[in-house]
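Please open the model in your viewer and keep the selection tool at hand. The tour moves from one selection to the next and says what is there at each stop.

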Amino acid sequence: MAEKSKSKTTTVSTGESEIITPGKKTKTTITADAESEVIAPEKKTKTETTTNAEKEISKLEKKAKTISDLPGVGATSAEKLIAAGYKTMENIAVASPAELMEAAGLGEITATKAITAARENLEMGYETADKIQERRASIGKITTGSKELDELIGGGIETQSITEIYGKFASGKTQWCFQLCVATQLPKEQGGLNGNVLYIDSENSFRPERIVSIAKRFDLHEEDVLKNIFVARAFNSDHQMVLAEKAEDMIKEKNIKLVIVDSLTSQFRAEFIGRGTLSGRQQKLNKHMHTLMKLAEMNNVAVLVTNQVMSRPDILFGDPTAPIGGNVVAHASKTRIYLRKAKAEKRVAKLVDSPSLPDGEAVYKVTENGIED
Ligand SMILES: Nc1ncnc2c1ncn2[C@@H]1O[C@H](COP(=O)(O)OP(=O)(O)O)[C@@H](O)[C@H]1O
Ligand SMILES: [Mg+2]
């Protein structure tokens, strides 16, 4: 299975075909209009043809440049960037100067130059709405195992953004993670994405036997299902952040379609106690959320994070519980789902603050088989 998925994810470089295209054009063009445009230069002096072709090629080569070729970034800085994990133009383009200064030890000017150059190189900036529509059309959805739940959240957990589930202890957050570990591997017709899972476990609550139970329900080969879930224990918040930062290579190599962080906040919460350190915690959490957001957007994967709740003494009416992490987590999570326990195996999920769906609730069950209607 691992071999199979490897070949699936092999990316084809388009740089070469782009360079070949102009040459092809001159050979195959037949219309009169095009002939005068394309063949004319060939008829002219040889030197001019080469200059045109050269110009075309150098223009295209500019796009295929490596980090060390970026204007304003010397070989030493490029090495530092690569060593710090900024291996692609995209990695640099979406970074902030402060981030590059901290991670790669660059000066502020070099960091800013590198980011600007990478953005120009990738032609990042405004894009037309049809491009956004096109990208959104490639959003994948993973079924939760319950029709009611899927309906509530618009068809399943989406790729390209972060979905946050929050609730009290034993509200079923980790059970969601197990369910989605299996569902992601299902074929598209069954609500999956035919992909594998990266699982960051910060509470030591990953249980293979639960995966096996859920896999049985879908008639999947249990051993294969387990082999397609890549689990890492996060021992503290820094370790958790590093695991997320290093996830991109794995995502590409192993055909990952879902990244889970269970729990997102518990390590941060344990390490930063008391008000005095809250801003430090929020800064780190913000950085972590941005890493996850980039992973989701740039690799077309779903990111599922679980979050705990705290009691808010200032809320006198209604539910006094609120998710940890304040605005930092709230802003980065595109879909937020609040989980509550009901009678017996019944659970209630409430959709909170979705940009495209109405708020609402769904009732489902958590059983030996995972999540069901
Ligand atoms: N094998 C199982 N069969 C039925 N229900 C289970 C099973 N395992 C766990 N659960 C349910 O899930 C609950 C634990 O949920 P969990 O996802 O670990 O909570 P959280 O991560 O929110 O703290 C248990 O209290 C139980 O109701
Ligand atoms: Mg849990």
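## A tour by selection

Begin by selecting Asn204, which, with 9 C-beta neighbours inside 10 Å, counts as exposed because a residue needs 12 or fewer such neighbours for that label. The model in front of you is predicted, and in it the phi angle of Asn204 is near 55°, a positive value in a residue other than glycine. To place Asn204 in the chain, look at the loop between strand S4 (196–201) and helix H12 (208–217), where this residue is found.

Now select Ala170, for which phi is near 65°, again a positive value in a residue other than glycine. Ala170 counts as exposed because it has 11 C-beta neighbours inside 10 Å. Its place is the loop between strand S3 (162–167) and H11.

**The ligand**

Which residues lie around ligand 1? Select Gly167, Phe169, Ala170, Ser171, Gly172, Lys173, Thr174, Gln175, Val366, Thr367 and Glu368, and you will have the shell around ligand 1. Two elements give two or more residues to this shell, namely helix H11 (173–183) and strand S12 (360–367). The largest share, 3 residues, comes from H11. If you colour the shell by class, you should find 3 nonpolar, 6 polar and 2 charged residues.

**Helix H11**

Keep H11 selected and ask how many of its residues are buried. The helix is mostly covered, with 11 of its 11 residues buried, and among them are Trp176, Cys177, Phe178 and Leu180. Next, show the strands together with H11, and you can see that this helix lies across S3, S4, S5, S6, strand S7 (302–307), strand S10 (333–341), S12 and S13, running at about 90° to S13.

**The sheet**

Hide the helices for a moment and follow the open sheet, in which 9 strands are arranged in the order S5-S4-S6-S7-S3-S10-S11-S12-S13, with mixed pairing. Strand S5 (229–233) and strand S13 (370–372) stand at the edges, and each has a single partner strand, so one side of each is left without a neighbour in the sheet. Looking along the sheet, you may notice that neighbouring strands are turned by 25° against each other on average, direction ignored. Strands of a sheet pair through backbone hydrogen bonds, either parallel or antiparallel.

Select S4 and S5, which pair in the parallel sense over 5 bridges, and within this pair find Val197, whose bridge partner in S5 is Ile229. Then move to S3 and S10, which run parallel and are joined by 6 bridges; here Ile165 stands opposite Ile337 in S10.

For the other kind of pairing, select S10 and strand S11 (residues 346–352), which pair in the antiparallel sense over 6 bridges. Along these strands, Tyr338 stands opposite Lys350 in S11. S10 and S11 form a hairpin with 4 residues between them, and in the turn you can pick out Ala344, which has a positive phi of about 50°.

**A cis peptide bond**

Select Asp262 and Ser263 together, since a cis peptide bond, with omega about 0°, joins these two residues. Ser263 is found in the loop between strand S6 (256–262) and helix H16 (266–271).

**The cores**

In soluble globular proteins, nonpolar side chains tend to be buried together. Which residues have the most contacts inside the largest nonpolar core? Select Leu258 and Val303, which hold that place in a core of 59 residues. The largest share of this core, 7 residues, comes from H11, the helix that also gives the largest share of the shell around ligand 1.

Stay with Leu258 and show what surrounds it: not counting residues up to four places away in sequence, Leu258 touches Ile142, Leu180, Thr184, Gly195, Val197, Val301, Ala302 and Leu304. A second, separate core of 16 residues includes Ile67, Leu81, Ala111 and Ala117, which you can select together as the next stop.

**The whole chain**

Finally, show the entire protein chain, which has 18 helices and 13 strands. Of its 373 residues, buried ones make up 34%. Among contacts in the chain with a separation of 6 or more, 66% are between residues 24 or more positions apart.

Definitions and conventions: Residues are numbered from 1 along each chain as its sequence is written. Chains are lettered from A and ligands numbered from 1 in the order in which they are written. This is a predicted model: local features need pLDDT of at least 70, side-chain atom pairs count only at pLDDT 80 or more; totals for chains, interfaces and linings use all residues. A residue is near a molecule or strand if its C-beta atom, placed from the backbone, lies within 6 Å of it. Ala, Val, Leu, Ile, Met, Phe, Trp, Tyr, Cys and Pro count as nonpolar, Asp, Glu, Lys and Arg as charged, and the others, Gly among them, as polar. A residue is buried if 20 or more other C-beta atoms lie within 10 Å of its own, exposed if 12 or fewer, and partly exposed in between; C-beta atoms are placed from the backbone. Two strands pair if DSSP finds at least two bridges between them. Axes are lines fitted to C-alpha atoms, for helices over the stretch in contact, and angles run from 0 to 180 degrees between N-to-C directions. Two residues are in contact if their C-beta atoms, placed from the backbone, lie within 7 Å. A nonpolar core is a set of buried Ala, Val, Leu, Ile, Met, Phe, Trp, Tyr and Cys residues joined through C-beta atoms within 7 Å.
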